[in-house]
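Colleague: Please show me the model, and then I will ask how the statements about it are reached.

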Amino acid sequence: MSWYHSSMYDPAVPVGSFWEEDAPPLAAGVDRGAFREGEATCEVAIIGGGYTGLSAALHLARDHHVDVRLLEAGPLGWGASGRNGGFCTLQPSGLGLGELISRFGKPETRRFISSQIEAVDLIQALARDEGIDYRPQGDGTLHVAHDEKRFQQLEEEVRLWRDSFGVQARLMRREEVAASQYDSTEQFGAAFNPVGFGLHPMRFARGLAAAAARHGAKLHGNSHVESWERHGGWHHLATEGGTLRARKVIAATNGFLRPALDRRLERRVVPVLSNIVVTRPLAEGERLAQKWRTERPCSNTRNLLFYYRMLPDKRFLFGARGDLTGRPEDGAAMRRWMERRLGEVFPAWAAVETTHYWRGFVCMTRRLTPSIAFMEDDRTALAVLAYHGDGVSAAPWAGRMAARLIVGTAEEADLPAPFRGEPGAIPFAALRRWYLRGALSYYRWTDL
Ligand SMILES: Cc1cc2nc3c(=O)[nH]c(=O)nc-3n(C[C@H](O)[C@H](O)[C@H](O)COP(=O)(O)OP(=O)(O)OC[C@H]3O[C@@H](n4cnc5c(N)ncnc54)[C@H](O)[C@@H]3O)c2cc1C
């Protein structure tokens, strides 16, 4: 049992995201429907149909000609991949640049950052090569100081991007941001990073699924894997409609992993809720009341960050982390809190109604970095997860690495150190909810 409310895992409960409404449905035949074949076999089975799983399926089928099947509990893209903010950015980690360098050293941190620049390029290459209409938006991203003191932090961040990683980041003073990007009560200057952009997450997820199916991957939505056992060189993945046997398995469940699938792995991750509200489209005058002129995705320097962007049809998307229960009534309270905070940060929009609210899990670990690792040294089972809330570009890249590792064309040494190895065990994992409660209170306090 997860500590979150069961509705968070139930595909029958509507997600309510704007993206679902705004994306064309999957073409017929891409999703073969629930796995109902009683018994079937394949070379590689993938559990989870988000960016990680779909990218692994696409690359296995297209580049390695592997007989691959994917089992997804909900519709394809139902997890975080179809409902995120669409910020395609660098650095899938809970550690800052300086912390990454002190933990992993400069050469490995450089490899990590280079891999993630490659990950952003991969999104564009996939869209181009596979004809995915992913609606890219903005030339770079903004990291915005939410108070005066945090602006100094950004100076150091920009220096590291430029001097250590060759990324042409640039500091923008408060007046420059106000004149060319936007203004708000929590805008005290920004770091501009030229790598990254915004995209339509569900269009991208469905586009990946269509590409994977076109190249021969067999994708099964609505196929919850209830148990996973290993006998005689086969993995047995039991679903309501039968058991899929596979020689190798990639677990790509990220924050939606539940103990019944793999208790040991589940106790090594911390699912955290991220929430989004979207407003009705804003008229030009309304946008200019906050001097809004940018298409760049923005996040701020709060530990419990706010992230926001103007969507192509001029709806404003505003995101925040929080709520430790997943109960519907706590979701409703979270929505009210976010609407209030949106109005405080952007006073001209305080009375603008939101049309959508939704939420989903991001995945954290104790070491605060993502993980691509063979499980307990079993070379036939790979777990790929924990992007710490930044998986839009990292997950497709990790899915491609997973494909290479499972067929043996890449080795673990090819991974930058922050990705290597399973997440560490969390002491007294049953207390994770309480650890999170403590962390949230601490962050709220330090964000003041
Ligand atoms: C509200 C929100 C906003 C976000 N915003 C951003 C953003 O702007 N930028 C960014 O970089 N990242 C963002 N993220 C994070 C990003 O979406 C994820 O890191 C990324 O989508 C992870 O992809 P994934 O395929 O690994 O996992 P997911 O997309 O979560 O997919 C995992 C899938 O596994 C399935 N599954 C789990 N257990 C089973 C089982 N037993 N059997 C079958 N299927 C199973 C689930 O149903 C789920 O669909 C956000 C996340 C959320 C929730």
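Modeller: This is a predicted model, and the questions below turn to its ligand and its core.

Colleague: What makes the 2.6 Å between an oxygen atom of the ligand and an N or O atom in the side chain of Ser-81 a polar contact?

Modeller: A polar contact is a pair of N or O atoms within 3.5 Å. The ligand oxygen and the Ser-81 side-chain atom are 2.6 Å apart, so the pair counts as a polar contact.

Colleague: Which backbone atoms pass by that cut-off?

Modeller: A polar backbone atom of Ala-73 is 3.0 Å from a nitrogen atom of the ligand. For Gly-389, a polar backbone atom is 2.9 Å from a ligand nitrogen. The protein covers 98% of the 1,000 Å² of accessible area that the ligand has on its own.

Colleague: Why is the ligand said to lie between domain 1 and domain 2?

Modeller: Both domain 1 (6-84 + 202-269 + 367-440) and domain 2 (135-200 + 271-365) give residues to the shell around the ligand, so the ligand lies between them. Helices H2 (51-64) and H11 (391-407) and strands S12 (269-279) and S16 (354-365) each supply at least two residues of that shell.

Colleague: How do the residues of the shell divide?

Modeller: There are 18 nonpolar, 17 polar and three charged residues in the shell.

Colleague: Which residues have the most contacts inside the largest nonpolar core?

Modeller: They are Ile-46, Leu-219 and Ile-250, in a core of 103 residues. H11 gives the most to this core, with ten residues. Domain 1 and domain 2 each contribute at least three residues to the core.

Terms used
Residues numbered from 1 in each chain as written. Predicted model: local features only at pLDDT ≥ 70, side-chain atom pairs only at ≥ 80, totals over all residues. Heavy atoms only, no water. Polar contact = N/O pair within 3.5 Å; in protein donor to acceptor, adjacent residues only side chain to side chain. Areas by Shrake-Rupley, 256 points an atom, 1.4 Å probe, with all protein chains shown as cover. Helix = DSSP H or I, 4+ residues; strand = E, 2+ residues; numbered from the N terminus. Nonpolar A, V, L, I, M, F, W, Y, C, P; charged D, E, K, R; others polar. Domains from an automatic or database assignment. Core = buried A, V, L, I, M, F, W, Y, C linked by side-chain atoms within 4.5 Å. Buried < 20%, exposed > 50% of the residue type's maximum accessible area, 1.4 Å probe, protein only.
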